[in-house]
Each structure stands twice: as structure tokens, then as C-alpha cells.
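Student: I am new to this structure and would like a close look at a single part of it, the metal site. Could you take me through that site slowly, and then say what else deserves care when reading the model?

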Amino acid sequence: MTAFDRRLFLRTGLLAAGGALLSACAKNENITFVQPAGDQVRAAEAARTPGTIRDFTLTARPGHADLGGPTVSTWLYGDRLPGEPIRVKAGEVVRAKLVNTLPQPTTVHWHGLALRNDADGVPGVTQPVIAAGSERVYEFTAPHPGTYWFHPHHGPQLDRGLYAPLIVEDPAEPLTYDHEWIVVLDDWMDGVSGTPDDVLAELTSMAGMMDGGGGHGGHAMPTPRPSASAKWPYMMMNAESDLLGGDAGDVYYPHFLLNGRVPASPETFTAKPGDKVRIRLINAGGDTAFRVALGDHTMTVTHTDGFPVEPVETDALLLGMGERYDVLVTLKDGAFPLVALAEGKRALARAVVRTAPSARAPGAEDRPAQLEGRLVGYDRLVPAAAVRLAAKNPDRTITLRLMGSMAKYDWTINRKKYDPKVIEPIRSGERVRLSFVNQSLMWHPMHLHGHTFALAGTGVRKDTAIVLPGMTVNVDFDADNPGIWMIHCHNIYHAEAGMMSLLGYRV
Ligand SMILES: [Cu+2]
């Protein structure tokens, strides 16, 4: 070994022993990143040629929501659940004033949009928090048509009633349909058994206090239920799903909602037999995947996460938190259950689709056979030609190992809890590959802000992708939206425990 080799050996050995944080900090010290309100961000926004400005006011406020029986005390946008949809045309500018009358600070994140970085709503990164009693105006061009939604990016606030659809219409809409229905799915505990802050406190206090062994798996109890221990009232036990590769969720929810309604008093959508309907499905849940089907019907999938796919028929769809699907359905004659099964949690949310006034209403527990039928997953989707990324080898690959366990509630990326000062550098113009390597025993719906990536292999465009336990999902995107962007698990409790990280464009 030469002196040089020995020095190299010692240095690399030290680096390995010294931990990743040190090297990450060192890496960041010498790098200048595009600032969220910087020149490059303004130039990227100007290049979107902002169109007509549409004004909206969102008042985040404590209030009551009638879930169709139970009335709960919660936090809402305005006075309804879900919040009033924002609807604009592609190319128009959303100018939304957020008035914060909550007792906590808040922000708004516009999920899925390739928007200007300083409107992205990540506190301490793209903006300061909006303090209780103050307000802020978000102004950004909505560049791509599709089904999006918005929610706070502060603590576990999205697991309250603070969520609403954001629909960007296509001025040259290629689909034809008679009706458009928005279906927002949610798991609900706020104001029933406590608040999301209570849930997060319980889960994150579990570190080292559980009986080990990875938490849920291996217990012999037959039915998902809250923890038997009064000490852990919010924890979910035995939520198992083959579709999700095992453990389906951490949190026990007393209700599952479709458009803010419990199954006992569902929303009814009405139409005529033979009508064609576009249904925009949004999973706004905190810790629940939903399997969706419409009784006696097949659905034609046309979009996922706002972006078009080659139309494909399916009986059922699985939506992780943050995911969206658009489907077209030609309605039969009768009354049909539109059911969203809380995957692995053996409870459901539902609506009724009625085309015959006198048809017998489906029962509250009706589970259409389609739930167990064909389920189109990512491997069966093909991107529409217009949104396919050009073939290109990645210029850079960033590996994100998804780690942690239910027992310790120590969810991280690359074993590092979220630190807003640690930013992974990329360069404008690069084709970037994110390699999500799930080294945990639980599934994670991974979301990238400000970009719509392409799943490697199929090229399907998405902004949120389920990564099953033990599996690797590679996604590629073109670095064409400068700023500092978050990547995180859309399980809000995993994210808050630490499963978030940042990418930054170098100047
Ligand atoms: Cu997760």
C-alpha cells in the first residue's frame, strides 16, 4: 500500500464511519442552490406564459362537519368537506388567498402541479409558515390539465378536513362525457377519537416501547382493530393486504368517507341509463389505501395523477394516499354501489350511482364483485403518446432507501430523518432517476413535488407511486422546474416521523 493509497483508505474509512450527515453537510456547504423566489424560478414561470388570473379565497378555520350522521369538530377550508374545488383551465393563473384562522401555523401545497417553486407550500424551504391569524396569497400558473388537489404541508393537518380538489381543465379536452363527478376518499378520526396531533404524538412516542418484532405482523388476531391497550388508542393492529405486500396501515380510523360522507348516508350521483361519466378519484387519506369499484360496471382508466394513459378497462383500482385516477364509465339502468374499500382495514366508504329512480338502493355493506375482479396496476398502464418522455439514459441516479419500522416509528430516507438543511443537488436539464428502494416491511406512496415523473419500464407519468415492501421502483424526470423540491412518503405520519427529503437545482 502506497502512502497515497493509505491516505485514501483512511479517508474513505473515516467517511464511512463518520456517517452520511457529515458528508451531506459538507456537500451542501459548497453548493449554491436556486432559491425558491430566485431569478431562475421567475424565468421558468414566465416561460409558462401565464394566462388569465383566477381569484380564490381559502379560509382555513375550525368548524363542524356533518359526516351524514356524526357531526365532528375539525378544521376546514371554508364551511364544507371536502373544501370547494378550485377549477381553472390549463395556462390560467391560480391566485388564492389563504386566510389562516386556525390556532396553528399552516401552508398550502398544490399536489402534483409543476408550479413555481415559491408557491409549493413547504414551510422553511419554499416559504415561511403562515402564522395563526395571518394570510398569504399564492399565485402560480397551472401548466398541465388534470385532476389535482391541495392540502396543508404543516404537521399532520391534512388528516383533518383541510383538503379539496384542484381541477385543471383542458381547453382542448379530447374526451366526451355527459357528467363529471369528483370522488374524494378519506380516512377520518379527527374530532371523533382525538386529533391527528394526538395520533402523531402516540405513534412517535412508541420508539423502543413496543414489543418489537416489526409491530403488526405475526399476530393471530382475526380482525383489524385498534390496539387493545388503552395506552395506544390510535394504533391499528392486523391491517393486512396482499395488494400492499403485508402491513396496510398504522392508524385506526373510526370512519371512511367518500366526499365527506359516512357509508350509512352516502352521496347519491344521478344520471340516465347510457350516460357516460368521467369520475375523478382522489385519495386524500392520511394512512389508508383505497380499492375502488363500481358495482356491475367496468371502468375505463384514462388518467393517473392528472396525466393521460392509453385507455384500459378495469374492474377495480388501488389508490395510495395522494394518488388520483380518472375513469370513464357508461352507466347501466339501476342503482349501483360506488365502493372504496379501505385496503386491509376491512371497512369502506361509498356512494350510490342511480339511473333508475325506483331501483332498490344498494345496502350499506354491499361489496360489488368488481372489487375482487381485474385490477389494473402500474404494469398494465401505458402513457399516452403526447406525455411520453423522450428515451434518454439518466444523467444522475439518486437512491432513496426507505427505512424504518412500525415498532420504532423511525421512518426515514437513507436512515436520515428529514433535515431542511440537507439538499441533494441536481442540475437543470438533467434526466434524473430516483431509485426508491424499500428496505422496510411496509408500503410507501412516494411523492415528488413540482414534477411528474415517468415510471421506468412503462413510462407512465405520475407524481405519487406506491413502493411495496422489499421492492425497488425507479422513476425518471427531466429537471425542468428549478427550485428546491420535496420528496416524501404521502403517509402523513411516516412523513412527519422523518420520511421526507429535498432535491435542489444548482445555480
Ligand atoms: Cu411511508
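**The copper site**

Tutor: The model in front of you is predicted, and a good place to begin is the copper ion, which is coordinated by the ND1 atom of His444, the SG atom of Cys489 and the ND1 atom of His494, at 2.0 to 2.1 Å. Along the sequence, the donor residues of the copper ion follow the spacing H-x44-C-x4-H. Cysteine 489 counts as buried because its relative accessibility is 1%, and histidine 494 counts as buried because its relative accessibility is 0%.

As for confidence, the chain averages a pLDDT of 91, and 89% of the residues score at least 70. Residues 1-27, however, have a pLDDT below 50, and this stretch has eleven contacts in the model beyond near neighbours in sequence. The pLDDT also stays under 50 over residues 210-222, for which the model has 20 contacts beyond four places in sequence.

Some details of the backbone can be followed in the loops. A cis peptide bond, with omega of about -10°, joins leucine 81 and proline 82, and proline 82 lies in the loop between β2 (71-77) and β3 (86-89). Asparagine 259, in the loop between β14 (255-258) and β15 (268-270), has a positive phi of about 50° although it is not a glycine; asparagine 259 is buried, with a relative accessible area of 11%. Aspartate 296, in the loop between β17 (290-294) and β18 (299-304), is likewise a residue other than glycine with a positive phi, near 70°, but aspartate 296 is partly exposed, with a relative accessible area of 47%.

Technical notes:
Residues numbered from 1 in each chain as written. Predicted model: local features only at pLDDT ≥ 70, side-chain atom pairs only at ≥ 80, totals over all residues. Heavy atoms only, no water. Donors = N, O, S within 2.8 Å, 3.2 Å for Na, K, Ca; no water. Buried < 20%, exposed > 50% of the residue type's maximum accessible area, 1.4 Å probe, protein only. pLDDT = per-residue confidence, 0-100. Contact = heavy atoms within 4.5 Å. Helix = DSSP H or I, 4+ residues; strand = E, 2+ residues; numbered from the N terminus.
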